[in-house]
Amino acid sequence: LLNSRLANNLSGITTIKSFTTEDYERERVQVDSEAYRRSNRKAIALSAAFIPLIRFVILMGFLATLLYGGQLAIAGRLSVGSYSVLVYLTQSLLWPLTRLGETFDLYQRAMASTNRVMNLLETPIEIHSGSLSLVIDHASLAADNGQRTKDNGQRPIQNPKSKIQNSLLVQGDIQLHDVTFAYRDRPPIIEHLSLHMPAGKTTAIVGSTGSGKSTLVKLLLRLYEIQSGQITLDGIDIRDLKLRDLRQAIGWVSQDVFLFHGSVAENIAYGYFDASLDEIMAAAKIAEAHEFVRQLPQGYDTIVGERGQKLSGGQRQRLAIARAVLKNPPILILDEATSAVDNETEAAIQRSLEQITVGRTTIAIAHRLSTVRNADCIYVIEHGQLVERGRHEDLLAQQGIYASLWQVQTGLKYSK
């Protein structure tokens with residue numbers, strides 16, 4: 001707990017300083033330190049009591065050997081030489097027992113760590129992988145959007161619906177059938193939701209905060225398991241697909257961007273480690289990241305720091321988009337992918353996304369309605385339920401929730 005508290009405070013030091021809560025956090029660390037001190041004191045007290053006990057047992061054994069053996073030697077029932085050997089053996093055998101106290105202390109500490117590890121290992125797996133494999137035709141995806149990718153050695157499958165060696169070619173048609181999901185000990189956040197996201201089309205999902213948009217993405221990736229209903233990919237229940245194949249078919253740009261401690265190039269090529277520098281740069285250009293990367297001290301070799309702390313929020317987001325572009329998946333999920341960039345960069349990224357979304361299923365989740373106005377279909381979700389659907393112009397004409405959101409963001413009242 002103390003280590004967790006210190007790690008949390010160090011990672012959030014900027015927030016602590018900005019809110020001048022140093023004293024508050026110092027007190028919390030002091031409370032945890034005191035709890036650790038009390039626990040450690042009990043362990044030391046037990047160890048301190050154990051060592052004298054062992055020494056006392058050794059003393060009694062040694063005295064018993066001296067007295068009883070001496071009496072036998074005086075009576076002539078035991079030779080003096082044998083008596084000397086017994087005294088030496090008693091000392092050699094009993095004296096190492098003094099280390100039992102230290103061993104006992106180390107045992108207690110090891111057991112505490114072992115219990116934490118075993119509790120983690122014994123946590124039951126709630127999401128099990130299916131048996132059906134998926135094949136991703138990267139070559140055709142690259143041809144559709146004009147990108148060059150490495151030949152993955154897979155022969156294109158002419159009939160996507162047929163099973164070839166227990167594998168299916170990903171087309172990207174996603175359907176939700178009466179899906180209900182709730183986090184543990186909470187009311188349902190998605191309830192009886194049915195959606196259709198056609199293959200090769202751009203589908204937008206909008207709604208107020210907490211309506212279940214990001215949760216829907218996690219259900220598609222099977223990070224959580226639905227309570228009822230069915231989610232299908234190309235007509236196959238995603239629970240029947242291998243988890244690894246399912247997630248390899250999806251490129252996810254999250255609103256909470258995570259970058260690993262390493263270089264810019266390593267973060268862009270994460271999951272595609274054999275990518276060449278030219279491919280990395282091409283992906284960065286599409287994500288409008290190439291220009292700012294060139295201005296970094298070591299360019300693509302610049303270390304971004306833990307969680308990308310040396311970069312701005314917009315720069316981290318562009319690297320995340322570049323990482324998804326390089327993956328070249330048949331399904332692309334953009335969860336508030338441009339929320340941390342300025343309007344000019346957002347417009348440039350949108351132009352690039354129009355190119356890379358050609359030929360692939362794209363799911364765009366956004367609060368900025370301007371980023372999804374050109375989507376083939378827009379779903380409006382409120383409280384985990386579908387309330388409106390249609391294209392941008394159709395939803396404005398309905399004068400419903402979408403039109404209200406558009407009016408708030410643009411400041412313009414829509415009229416038919």
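Strand β3, which covers residues 174-181, is joined by five bridges to strand β4, residues 190-197, and the two run antiparallel. This is a predicted model, and the pairing of these two strands is a convenient place to begin reading it. Within the pair, F181 stands opposite I190 in β4. Strand β3 is also joined by five bridges to strand β6, residues 228-233, again in the antiparallel sense, and here I174 has L233 of β6 as its bridge partner. Residue L233 leads onward in turn, since L233 stands opposite I236 in β7, and two bridges join β6 to β7, which run antiparallel.

Put together, these pairings give an open sheet of four strands in the order β4-β3-β6-β7, with antiparallel pairing. Strands β4 and β7, the latter being residues 236-237, stand at the edges with a single partner strand each, so one side of each is left without a neighbour in the sheet. As background, strands of a sheet pair through backbone hydrogen bonds, and they may do so in parallel or antiparallel fashion.

Both kinds of pairing appear around strand β11, residues 377-382. Four bridges join strand β5, residues 202-206, to β11, and these two run parallel; in this pair, the bridge partner of I205 is Y379. With β12, by contrast, β11 pairs in the antiparallel sense over five bridges, and E382 stands opposite Q385 in β12. The hairpin made by β11 and β12 has two residues between the strands, and in this hairpin H383 takes a positive phi near 55°.

How much of β11 is covered? Six of its six residues are buried. In a regular strand the side chains alternate between the two faces of the sheet. For β11, C377, Y379 and I381 on one side and I378, V380 and E382 on the other are all buried, which leaves both faces of the strand covered.

The neighbouring strand β12 contains E388, a charged residue that deserves separate attention. E388 is buried yet has no salt bridge, and the nearest side chain of opposite charge, that of R389, is 11 Å away. What does the side chain of E388 reach instead? One contact is with the backbone nitrogen of I401, at 2.6 Å, and the backbone nitrogen of Y402 lies 3.3 Å from a polar atom of the same side chain, that of E388.

Elsewhere, charged side chains do meet one another, and the count comes to 10 salt bridges in this model. One of them joins R391 and D376, at 4.0 Å from N to O. R391 lies in the loop between β12 and α14, and D376 in the loop between β10 and β11, so the pair ties together parts that are 15 residues apart in sequence. R391 counts as partly exposed at 36% relative accessibility, and D376 likewise counts as partly exposed, at 34%.

Another salt bridge is formed by E126 and R184, whose closest N and O atoms are 2.8 Å apart. Because E126 lies in the loop between α5 and β1 and R184 in the loop between β3 and β4, this pair ties together parts that are 58 residues apart in sequence. E126 is exposed, with a relative accessible area of 56%, and R184 also counts as exposed, at 64% relative accessibility.

A salt bridge of another arrangement is found within a helix. E34 forms a salt bridge with R37, the closest N and O atoms being 2.6 Å apart, and both residues lie in helix α3, residues 22-74, three residues apart, which is about one turn of the helix. E34 is partly exposed, with a relative accessible area of 30%, and R37 counts as partly exposed at 41% relative accessibility. The two also belong to a wider arrangement, for E34, R37 and R38 are linked in a network of salt bridges.

Helix α3 also contains F56, which counts as partly exposed at 47% relative accessibility. F56 is one of the residues of a nonpolar surface patch of about 730 Å², which is made by L53, F56, V57, L59, M60, L63, L66 and L67.

Conventions: Residues numbered from 1 in each chain as written. Predicted model: local features only at pLDDT ≥ 70, side-chain atom pairs only at ≥ 80, totals over all residues. Heavy atoms only, no water. Pairing = 2+ DSSP bridges. Buried < 20%, exposed > 50% of the residue type's maximum accessible area, 1.4 Å probe, protein only. Patch = residues over 30% accessible without salt bridge, like charges linked within 9 Å, V, L, I, M, F, W, Y side chains within 5 Å. Areas by Shrake-Rupley, 256 points an atom, 1.4 Å probe, with all protein chains shown as cover. Lys, Arg positive; Asp, Glu negative; His and termini not counted. Polar contact = N/O pair within 3.5 Å; in protein donor to acceptor, adjacent residues only side chain to side chain.
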